[in-house]
Amino acid sequence: MSTLRSSLFEAINRLQPELSPSAQAQLTIPMGVVQQRRQAFEDRIRQHRHEPNYILIERALRNTDELIRQDRTYADQLRLAEAIGLRSLPPYLRDFLRDHDNLHRATVRSRLFADTAATNTAIDIFARVEVRIIHLRNVYSLNIIRETRSQAERIRMRKDPALMKEMHDCTDVLVDEIYRVLHRYEQLQALLPEETELENVGPDHNVNDFGSDISPAPSYTTTLAGLFETEDDKLDHTQRCCICLDPYTDHPAFKLSLCNHVIGKTCLVTWLNGTARNANCCPFCRAELCTRRARQVSSRTIALQTEEEELNTCFARALGLMHGLDHLANQIYGDDAEATRGAWTGDAVVEINRRCFENGVNFGFTKDVRQSLGWRLRRIEWARGGVLVA
Ligand SMILES: [Zn+2]
Ligand SMILES: [Zn+2]
């Protein structure tokens with residue numbers, strides 16, 4: 001008997017009395033039966049296939065704690081389960097194996113997603129980063145679990161340049177996005193009107209429905225007349241348009257049939273189709289010419305407000321992902337210690353502040369321990385040299 005095989009038997013014997021005699025007989029059962037059992041086990045695993053990764057990871061971590069308590073390693077346990085076969089596995093070993101398989105699948109799946117996401121520009125940028133972070137977290141968890149939570153594995157991962165590069169890549173994307181959001185937000189504030197802009201709904205009024213042209217134009221006393229015009233003359237609607245105060249020589253006159261007031265035609269068209277509350281009235285006497293057209297918030301304002309909301313959402317998502325990265329970085333590089341929390345984000349925040357300062361964007365992050373990230377975005381003015389002025 002080979003050394004490996006004999007050590008497996010030893011391992012199995014150590015499991016006594018958990019194993020039934022039939023479990024030991026499993027070692028010599030025909031292949032067909034093993035396959036049949038394997039199928040039954042696969043079915044059980046399939047039921048758990050869609051469990052969220054964090055539940056798998058939590059359960060697998062509990063398993064490793066139990067292994068450490070029993071002075072066993074993850075790999076030993078797998079070999080043992082394999083050697084015993086799948087018939088009559090003790091329940092704890094069955095659960096262990098199920099979690100192992102599920103975790104393995106989850107990691108393969110997340111790697112596939114992450115690889116696709118990294119290059120697929122059709123996917124939302126935050127979804128892309130999120131998938132990559134989830135994968136990093138899975139890799140971290142799987143390595144920690146496989147190596148039965150060994151410190152050596154933590155040190156190995158800490159020195160892994162590929163892991164570090166991926167962490168930096170994800171952070172860089174988020175820094176770019178947060179800066180882009182802040183920059184655009186600043187521009188939007190200047191574009192958004194202070195009062196809500198309105199626009200009319202439906203077709204424009206046809207001015208000819210409300211009166212008729214005066215042709216020829218009312219005679220306007222020319223030559224020096226202006227010099228002798230009284231204030232009352234200036235308000236004479238038959239001589240001057242009450243909207244623009246120009247004489248009708250400059251634009252055609254139009255007489256309203258309801259109140260007989262004369263108004264400059266082009267001015268009246270603009271007035272009737274304007275957004276003023278009383279645009280349905282004679283601009284001279286306020287007689288109601290028609291019902292007021294329905295108004296709504298202008299499409300330009302809606303577009304700007306929608307963009308503002310989108311920017312808010314983007315900002316929240318980017319910050320949430322940054323938080324996730326910081327947590328992971330602290331697990332890998334900071335031993336999950338309270339003191340090293342926020343260290344990873346700190347570098348990113350410095351970079352965002354630098355860009356805001358250099359480009360005149362008046363936003364910046366300041367330390368705030370009450371915030372989950374340890375930082376708070378504030379509206380600030382940058383003094384010379386990038387010093388914050390509250
Ligand atoms: Zn006019
Ligand atoms: Zn009138």
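**Exercise 1.** In this predicted model, find the bridge partner of Gly211 in strand 3, then work out how strand 2 and strand 3 pair.

*Solution.* Start at Gly211: its bridge partner in strand 3 is Leu256. Next, look along both strands. Strand 3 covers residues 253–256, and its pairing with strand 2 is antiparallel, over 4 bridges.

**Exercise 2.** Place the strands in their sheet and decide which ones stand at the edges.

*Solution.* Begin with the order, which is 2-3-4 in an open sheet of 3 strands with antiparallel pairing. Strand 2 (211–214) and strand 4 (262–264) each have a single partner strand, so they stand at the edges, and one side of each lacks a neighbour in the sheet. Now follow the sheet across: from one strand to the next, the twist averages 35°.

**Exercise 3.** Which strands does helix 12 touch as it packs on the sheet?

*Solution.* Find helix 12 at residues 265–272; it touches strand 2, strand 3 and strand 4. Then compare directions: that of helix 12 makes about 85° with that of strand 4.

**Exercise 4.** Describe how helix 13 packs with helix 14, and name the residues that make the contact.

*Solution.* First, locate helix 13 at residues 299–333 and helix 14 at residues 343–358. Their axes are 7 Å apart, at an angle of about 135°. An angle between 115 and 145 degrees counts as oblique, so helix 13 is oblique to helix 14. Helix 13 brings Met322, Leu325, Asp326, Ala329 and Asn330 to the contact, while helix 14 brings Trp344, Thr345 and Ala348. Finally, sort them by class: 5 residues are nonpolar, 2 polar and 1 charged.

How values were computed. Residues are numbered from 1 along each chain as its sequence is written. Chains are lettered from A and ligands numbered from 1 in the order in which they are written. This is a predicted model: local features need pLDDT of at least 70, side-chain atom pairs count only at pLDDT 80 or more; totals for chains, interfaces and linings use all residues. Axes are lines fitted to C-alpha atoms, for helices over the stretch in contact, and angles run from 0 to 180 degrees between N-to-C directions. Helices (H or I, at least four residues) and strands (E, at least two) are DSSP runs, numbered from the N terminus. Angles under 35 degrees count as roughly parallel, over 145 as roughly antiparallel, 65 to 115 as roughly perpendicular and the rest as oblique. Two residues are in contact if their C-beta atoms, placed from the backbone, lie within 7 Å. Ala, Val, Leu, Ile, Met, Phe, Trp, Tyr, Cys and Pro count as nonpolar, Asp, Glu, Lys and Arg as charged, and the others, Gly among them, as polar. Two strands pair if DSSP finds at least two bridges between them.
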